[in-house]
Amino acid sequence: MKKKLALLLVAGMTMASVIGCGGNSAETTAPAADTTTDEAEAPAADTAADTADTADTADAATDEAEAPAASGELIKVGIINNDPNESSYRTANDADLKATFCEENGYDASFAYSLKNEEQINAAQQFIQDGVDYLLLSAADTSGWDSVLQDAQANGVRVILFDRTIDADPSLYEASIVSDMRAEGDKAVEWMKSQNLDEYNIIHIQGVMGSAAQIGRSDALTETAAAEGWNIVMEQTANWNAEEAQQIVQSVIDSGESFNVIYAENDNMAQGAVAALDSAGITHGVDGDVKIIGFDTNKFALEELLAGNWNYDGQCNPFQSSYINDIIKTLESGGTISEKTIIMDEKGFDAETITQEDVDTYGI
Amino acid sequence: MQNHKSGFSAFLGKLVRQQYFIPLTALVLLALFNLIADPAFFKISITTNSAGNAVLSGTPITILDYGSELAILAIGMTLVTSASKGQDISVGAAVAIAGSFILRMLCGGDSSSGTLHMPIICAFLLGCVVAMLFGAFNGVLVAFFKIQPMIATLILYTAGRSIAAWFNNNELPIIKDATFSYIGGFIPGIPIPTPFFIAVLCMVIITLVLRFTNLRLYTEAVGINENSARLNGLNPSAIKILSFVILGLCVAVVGLIKVSRVSSINYSVIAKDIEMDAILAVALGGNSLSGGKFNMATSVMGAYIIQFLTQTLYKYKVPSEALPAYKAVVVILLVVMSAPTVREYFSNLMKKIKVKEAA
Amino acid sequence: MILEKQEVDLGVSEDIVLKMRNIHKRFPGVYALQGVDFTLRRGEIHALMGENGAGKSTLIKVLTGVYTKDEGEISIEGKTVAIHSPQQAQNAGISTVYQEITLCPNLSVAENMYIGRTAGIRQNWKKVNADADKILQSLDIPAKATQQLSSCSIAVQQMVAIARAVDMDCKVLILDEPTSSLDEQEVAKLFKLMRDLKARGVGIIFVTHFLDQVYEVCDRITVMRDGQLVGEYVIEDLPRVQLVSKMLGKELNDMDDISGEYQTYERKEGEAPVFEAQGLASDSGIKPFDFHINKGEVNGFTGLLGSGRSECVRAIFGADRVTHGSVKMNGKPVKITKPIDAMRNGIAYLPEDRKVDGIVGDLSVRDNLILAAQVLKGFMKPFSKAEANKFADEYIKLLSIKTASADTPIKSLSGGNQQKVIVARWLLTHPEYLILDEPTRGIDVGTKTDIQKLVLKLASEGMSVTFISSELDEMLRTCSRLVVMRDLNVVGELTGADMNQSKVMSTIAGGEKKNAES
């Protein structure tokens, strides 16, 4: 028995080492030329898709790809982001950054991931010590960044914020590329208003309390509801979690209170809410009794819209890299940034008008 | 004479010392509170779900439904606590791993196909194997490397969700097959939620196992006195690993239910913090968190009580910001009640009452 | 009266560094020190000897401030001192080096020597290191001040601990079993250091189980027994056998009283021993030994505390990791590496420490009773409730175990009854060979006799029993053969007419007595 186990172990280890070797040899033998062209094209295509309306950004990216070949000098960037496993938004965001900030585009990028502010600050200090040219930051927490950003400034490291803002003097960073969560919420609430329902009985499922997305999206609803006299049947946090959202909606169904709108602050929670409706036989979507609103344009969510099961989904654009790339380009060529805070274009999709093309383009 | 009276207080005194005392009291208090505040809390009605089946609906059903996952985990956690004198804090991450793996098996790497690539039962059994392997990993760290269980399982707690995401290349597979949703919902024609059936099945199995094997005796002996257990021919390491493997099995079952509920997964939040609730269920069941003797039934009761509490808080629309605080207060009350000193005080009080009655 | 209060000439009073007079200490249920006197002179090495429960560790703890005495007086260099905490003891000039190193392994040698008495953060470490090196050199300790302590051998670490004590200007140095984890050369080095310190005028109290070491290095011996002082002796005046007799509380000339009462055993021709071991040794430190036991025989391991008698039986049962040797059961070679192997071969073992290794405290009497038999029967085959109850009732009656019910947790029983449950546990496995390690320690007299009678009865029914007890009487009454141990070695085997106290004690003592067979 023991011998068998040992044999298995040895076999496993040999396998692992073979695979390990295989991986290495593949890397070394891969023709360098191929990779360069592949990767150089990829971001260009990406950016074109992401910001469909601006043709020149796509050009800029292509220029960018050719530029370093001439100068031969890579721009060192340190990128501090949240854990890519946190959500599909983050996964898409990280993939987008990785595609843009690669060697082929003239960047020497290092990545650090953490959901904790202190760990992010440590990583920032490390990057400053390593002498990066740019520090790209998606902060876990809004506060606590002043001193490290002052260090950055003192060491000539330029800071660009993306995705999330921080409570620090704007002079400490070059630009901040953010989604306006409040605007996302306002857009969704505006859409709700446009539906002209006879009455509004809303279940409001919130994200993790205190997060920027929760605050922006909650405030939009709360304020409009007060102004319009909408009835909030239930307001509770499900911590971005589908099963918790399911339980919350279930508890409203159990209590017998009537409702006709579910405003879930992300797609996962909307998904959980819908699961609860299904098991209680309550119809939802375009032809249903309950309107479903979600956020973040996950692919599955847009498909639900397309199928008419949900009604509205607000975008939270994860593709900031082309914006950042533009800014770095401008700064490197000696230009100045006119607007510190750049708010990204974000869309809202209605089940009545969404197309398959939208799903493919914007689904993350 | 006052015989019946002192008999009653003797009975009360005995009750206080019973392991059932804490969970029962908690249950009765919660039930009384809800009964007085709003009897509709207990209303059960029959509705038709979107698949056209008649199903039971109402808060008690919801409690049985959502409490079941916790109850299943409490079974495994009770064994781990007893044998290893510590707790596994990686169960939430392990649920993510098991759930992700089951989805990966079902969708066969094509995250949006929605068709099943293998029978659900096969995917589940493979998920069980994976979850048990991860359980064994924790067990080996605890048994052979003598690492404190909480520290040993910290590894998987930290890495588990990334592993879960890696199984599916960080994509979100969605299963569109209707039968898959039966597991976390209702089987057509049966008006009771399937998770409750699964939990009952798990309870029956563990009861049979405890009845027809020496799992209880061995686990308790190792948890109480490892030296003595070894000198009586037991292998303490094997028994500790066994307890972690059984917990792994529970984790796989819960993973299946969780991913079936919404036919998908969110790696970072699925079963988040469920380990704390599972540990709390064990504590609420009056089991010592430092190992040794255990009572499976009270642990399971503890799990449903936690769900009862959650539903009560939802019912009374406790604001989101205050939710954790309310839970904490209730938890503190319950845990303090289970503290030996407090129980001692109560049983002394009972004795005093008895003396007064006798006088 | 077993006590022999011997007046010793205490010498010139200024030579006396430590004097403890009429020390009393009571614990709930135990009168640990009953008016003990102890005197230590400048520049002497003084052995403190006694068997289990003699009170020597309590006396040390009173001296070092771990316990506070109930009555009595302690004076250092003629001045009465109050010692209520280890800090006060240290201030009074009393330092202790324990068997387990209590230094910090990841600090440097110098840091360890000065920890807790440095000048805060303004410490000049250069000077400290230089000072430390000076002391280490003067004491001839092979360590450097800046070296990390854990990189030194255990012996050197112990010497560093001693150096620390010496540097704190200690007048009284207590060495509590310093040699138990050292090899011979290391012991020799330690003794050299002790003699150096002695020459410097330090008074050393040396606690050890090893007789040879006492006679090698000590000047005086104080013997304690049952919380009382037996006497203080100059080493030359106390032959080993006398020392052993004083420790065990047996007068050498009492022997005749019980001679002729010994058990005899006749082995049947052609019958292989039930158990036979050759060159058996374990990682506990015992030297390889040969051993056998025949069917229906009762034999025993005897020796002073720490002589290795428990380690021998633990090796037989596979309780410690066996490193050498071969084992046969009934003439057939078997492999015993862990307890379950021994159990499957029909060996049962009642461990020495009932609380730590024996009982499973929170479990019921019934569960404790069936545990070993249940493990033998298998995981998938639990005894039915009825069976378990039958066994419990049967043995509770058979051994007259006093318990409220079979459901009572074993920890709420008295020591004697707990022990009976453990005995019952092993009887239930119907062993061929039963090992009882100190079954009678800490239990009432009635139960003791019960257990002795039980052993003889079992043997008459054909069971082989190895019986270990600190009480020589008990061993002599029950065993027909005694294996004698000293300092982790088997030094002799006694049977028949040799089974008397003087012979046993002289064998234990060894040394100048030549008639010890081995």
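At what angle do helix 12 and helix 13 of chain B pack, and how far apart are their axes? Keep that in mind as you open this predicted model; the tour begins at that pair of helices.

**Stop 1: helices 12 and 13 of chain B**

Select residues 274-284 of chain B for helix 12, then add 296-315 for helix 13. The two pack at an angle of about 120°, and their axes are 7 Å apart. Angles over 145 degrees would count as roughly antiparallel and 65 to 115 as roughly perpendicular, so this pair falls into the oblique class. The crossing of helix 12 of chain B with helix 13 of chain B is right-handed.

Now show the side chains at the contact. From helix 12 of chain B, pick B:Asp277, B:Leu280, B:Ala281, B:Val282 and B:Leu284. Their partners in helix 13 of chain B are B:Ser299, B:Gly302, B:Ala303, B:Ile305 and B:Ile306. If you color this contact by class, you will find seven nonpolar residues, two polar and one charged.

**Stop 2: helices 4 and 6 of chain B**

Stay in chain B and select helix 4, residues 91-107, together with helix 6, residues 149-167. Are these two helices roughly parallel or oblique to each other? Their axes come within 8 Å and cross at roughly 10°. That angle is under 35 degrees, so helix 4 and helix 6 of chain B are roughly parallel. The crossing of helix 4 of chain B and helix 6 of chain B is left-handed.

For the residues that meet here, select these two groups:

- Helix 4 of chain B: B:Ala93, B:Ala94, B:Ala96, B:Ile97, B:Ser100, B:Phe101 and B:Arg104.
- Helix 6 of chain B: B:Leu156, B:Tyr157, B:Gly160, B:Arg161, B:Ile163, B:Ala164 and B:Phe167.

By class, the contact of these helices of chain B holds ten nonpolar, two polar and two charged residues.

**Stop 3: where chain B touches chains A and C**

Zoom out and show chains A and B together. Here 36 residues of chain B are in contact with 37 residues of chain A. On the chain B side, the elements giving two or more residues are strand 1 (45-48), strand 2 (54-57), helix 3 (59-84), helix 6 (149-167), helix 11 (236-262) and helix 13 (296-315). You have already met helix 6 and helix 13 of chain B, and both appear in this list. The chain B side comprises twelve nonpolar, 17 polar and seven charged residues.

Next, bring in chain C. In this interface, 18 residues of chain B are in contact with 23 residues of chain C. Select helix 9 (215-224) and helix 10 (226-231) of chain B, the elements that give two or more residues to this side. Helix 9 of chain B gives the most, with five residues. The side of chain B that touches chain C has seven nonpolar, eight polar and three charged residues.

**Stop 4: chain A and A:Asp108**

Color chain A by its two domains: domain 1 is 32-179 + 318-333, and domain 2 is 181-316 + 350-362. Six residues of domain 1 of chain A are in contact with seven residues of domain 2 of chain A. The domain 1 side of that contact has three nonpolar, two polar and one charged residue.

Then center on A:Asp108, in strand 2 (residues 107-113) of chain A. A:Asp108 has 16 other C-beta atoms within 10 Å, so it counts as partly exposed. Draw a C-alpha to C-alpha distance to A:Leu74: the two residues are 34 apart in sequence and 5.7 Å apart in space. Leaving out residues up to four places away in sequence, A:Asp108 touches A:Leu74, A:Ile75, A:Lys76 and A:Glu103.

**Stop 5: chain C**

Finish with chain C, divided into domain 1 (15-238) and domain 2 (276-509). The C-alpha centres of these domains of chain C lie 36 Å apart. Six residues of domain 1 of chain C are in contact with eight of domain 2 of chain C.

Select helix 1 of chain C, residues 56-63. Seven of its eight residues are buried, so helix 1 of chain C is largely enclosed by the rest of the structure. The buried ones are C:Lys56, C:Thr58, C:Leu59, C:Ile60, C:Lys61, C:Val62 and C:Leu63. Just after this helix of chain C, look for C:Gly65, with a positive phi of about 85°.

Last, go to C:Leu398 in helix 13 (residues 385-398) of chain C. C:Leu398 is exposed, with 12 other C-beta atoms within 10 Å. Its C-alpha atom is separated by 61 Å from that of C:Asp15, 383 residues away along the chain.

Notes. Residues are numbered from 1 along each chain as its sequence is written. Chains are lettered from A and ligands numbered from 1 in the order in which they are written. This is a predicted model: local features need pLDDT of at least 70, side-chain atom pairs count only at pLDDT 80 or more; totals for chains, interfaces and linings use all residues. Two residues are in contact if their C-beta atoms, placed from the backbone, lie within 7 Å. Helices (H or I, at least four residues) and strands (E, at least two) are DSSP runs, numbered from the N terminus. Ala, Val, Leu, Ile, Met, Phe, Trp, Tyr, Cys and Pro count as nonpolar, Asp, Glu, Lys and Arg as charged, and the others, Gly among them, as polar. Domain bounds come from an automatic or database domain assignment. Axes are lines fitted to C-alpha atoms, for helices over the stretch in contact, and angles run from 0 to 180 degrees between N-to-C directions. A crossing is left-handed if the near helix is turned anticlockwise from the far one by less than a right angle, and right-handed if clockwise. A residue is buried if 20 or more other C-beta atoms lie within 10 Å of its own, exposed if 12 or fewer, and partly exposed in between; C-beta atoms are placed from the backbone.
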